[in-house]
Amino acid sequence: MTLDPIHPAFSVVTLAIPLFVVTIILEIVLGRFGKAKATYEFRDTATSLMMGLGSNIVGALIGGFAAATAIYVYIHYHLLEIPMTAWWAWVAVFFLEDMTYYWFHRFSHERRFWWAAHVNHHSSQHYNLATALRQTWTGEVAGTWLLWLPLTLIGFPPAMLAIQKGISLVYQYWIHTEAIRKLPRWFEAFFNTPSHHRVHHARNPRYLDANYAGILIIWDRMFGTFVAENEAEPPRYGIVKNLGDFNVLRVAFHEWMGIAKDLAGSRSIREVFGYLFGPPGWSPDGSRDTSHTLKAKWLAREAAQTAVKPTEPETVPLVAE
Amino acid sequence: MKGVDTVINPLLLQFGGSAVAVALMVGIAAWARISRPVAPLDPTTARTLLAIDYPDLVPDVVWISADTRGAIARAGKDALVLYRLGDSWVTRHMPWDKALKAPIRSGHIRLKLADPSAPMARLAVSGINPWPPEGLKEPQG
Ligand SMILES: [Zn+2]
Ligand SMILES: [Zn+2]
């Protein structure tokens with residue numbers, strides 16, 4: 001058997017589209033009849049699905065540049081001959097691509113420039129299968145695909161990487177659900193699951209910047225970013241500052257607009273660099289919150305609460321009923 | 001042109017099919033009515049919701065909008081703004097003095113939030129429930 005190492009024989013994600021449609025309808029219907037935990041707000045659903053469709057269209061329009069670069073690097077510079085028909089090559093690409101995904105995802109949360117391209121995926125206050133399709137429109141432009149180039153350079157054929165990336169994306173689809181509480185312990189130990197990824201989508205301080213996994217959760221455990229879902233504290237989904245409406249253009253571009261606004265007011269190279277590549281929420285005087293400060297404040301509150309139970313301050317509510 | 005057609009036509013078919021599927025799924029989501037239940041806002045609920053995003057601030061005044069879909073709370077020099085989006089909530093803060101001076105148009109206070117991710121909050125106001133609340137019309141010194 002021979003496989004074209006340059007052009008993938010099929011697109012895993014395109015093949016999975018009917019599966020997406022059927023399972024989203026199934027999740028809604030099961031939720032409707034009380035057979036599964038699922039909440040859908042139809043305008044939120046529309047925004048998620050429009051982002052998915054738009055991402056597909058943007059990919060078709062400009063995705064060719066990243067693909068062409070990978071093909072060029074492979075043809076001219078690849079170091080090893082890795083046959084697409086060898087089983088070990090698929091095992092190797094499975095682990096190496098998944099680790100690459102982990103670091104891509106971690107960068108996408110820890111540095112504002114790449115967060116601007118990824119934040120849209122986290123902008124829904126719902127967590128359901130439709131949220132999974134809330135995909136980026138600007139990832140290609142932000143250049144995150146460069147992180148996969150070393151694998152091409154090693155010698156993994158572009159078609160093989162494209163197929164493995166597709167498998168990873170489709171794997172990550174089904175974990176966007178509240179319908180599955182926990183899976184068997186051995187599975188939760190090695191694989192990314194609905195429970196682990198709910199933590200990733202949560203805005204509770206204790207859950208921020210955790211569980212970047214694609215398929216395997218082992219990378220979070222290895223690199224110190226794993227946080228288990230705590231039954232006592234259900235995740236609140238969304239971003240630290242939730243979006244003010246359901247406008248898809250706002251979902252796709254709001255953080256880029258925020259960056260532009262901050263850059264326009266910058267007074268030094270340090271500020272420009274900080275606004276672009278600092279953690280999301282970075283500000284010259286530290287007046288804005290970052291994940292780090294939010295977590296620190298939460299820990300301080302937890303510590304204070306266990307030390308002494310504070311008394312309620314007197315408040316005078318002024319209400320017009 | 002035949003070569004271009006063989007690429008573009010399947011793509012258009014895929015996008016067209018996906019658009020129809022999107023409309024179908026959104027329709028089913030609307031039919032199912034499985035959004036989160038949201039009770040009308042009262043001062044206690046508003047405080048609880050604001051405490052999630054502003055745990056270190058304790059408002060001394062809470063004003064509820066006429067349609068109970070929004071609130072403005074005063075915490076020191078800040079106005080904490082809360083409003084409903086679908087079955088969820090959005091919060092932002094702005095200077096209290098600016099909130100006091102926010103214009104009212106077509107029965108809604110228009111609060112400029114100076115944030116591209118939520119540029120404006122529109123909260124319903126009525127004669128029974130005026131903004132600014134009585135006794136709080138003057139900016140704080
Ligand atoms: Zn993420
Ligand atoms: Zn996700």
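A:V21 is buried, with a relative accessible area of 15%; buried means under 20% relative accessible area, exposed over 50%, and partly exposed in between, using a 1.4 Å probe and protein chains only. This is a predicted model, in which local features need pLDDT of at least 70 and side-chain atom pairs count only at pLDDT 80 or more, while totals for chains, interfaces and linings use all residues. Residues are numbered from 1 along each chain as its sequence is written, chains are lettered from A and ligands numbered from 1 in the order in which they are written, and side-chain values use heavy atoms, with hydrogens and water left out.

**Around A:V21**

Let's stay with this valine for a moment. A:V21 sits in helix α1 of chain A, which covers residues 12–32. Helices here are DSSP runs of H or I with at least four residues, strands are runs of E with at least two, and both are numbered from the N terminus. Which residues does A:V21 touch, leaving aside its neighbours within four places in sequence? They are B:A21 and B:M25, where contact means heavy atoms within 4.5 Å. The C-alpha atoms of A:V21 and A:L129 are separated by 9.5 Å, and these two residues are 108 apart along the chain.

**Chain A as a whole**

Now step back to see the full chain. Chain A has 14 helices and zero strands. Its radius of gyration is 21 Å, close to the 20 Å that the globule rule gives for 321 residues, so chain A is as compact as a globular protein of that length. That radius is taken over C-alpha atoms, and the rule is 2.2 Å times the number of residues to the power 0.38. Along the principal axes, the C-alpha atoms of chain A fill a box of roughly 75 × 55 × 40 Å. Of the 321 residues, 49% count as buried. Among contacts in chain A between residues at least 6 apart in sequence, 73% join residues at least 24 apart.

**The zinc site**

Which residues of the protein hold the zinc ion (ligand 1) as donors? They are A:H105, A:H109, A:H118, A:H122 and A:H200, each through NE2, lying 2.1 Å from the ion. Donors are N, O and S atoms within 2.8 Å of the metal (3.2 Å for Na, K and Ca), and water is not among the atoms, so sites may look incomplete. Along the chain, these donors follow the spacing H-x3-H-x8-H-x3-H-x77-H. A:H109 lies in helix α3 (residues 87–110) and A:H200 in helix α10 (residues 194–200) of chain A, so the pair ties together parts that are 91 residues apart in sequence. Both A:H109 and A:H200 are buried. A second zinc ion (ligand 2) is 5.8 Å from the zinc ion (ligand 1).

**Unusual backbone angles**

Most residues other than glycine have a negative phi, and most peptide bonds are trans. Here are two residues with a positive phi.

| Residue | Phi | Place |
|---|---|---|
| A:N211 | about 55° | loop between α10 and α11 (218–223) of chain A |
| B:T68 | near 55° | loop between β1 (61–64) and β2 (70–75) of chain B |

Are these residues buried or exposed, in full or in part? A:N211 is buried, with a relative accessible area of 0%, whereas B:T68 is partly exposed, at 26%. Chain B also has a cis peptide bond, with omega about 0°, joining B:W131 and B:P132. B:P132 is placed in the segment after β7 (120–124) of chain B.
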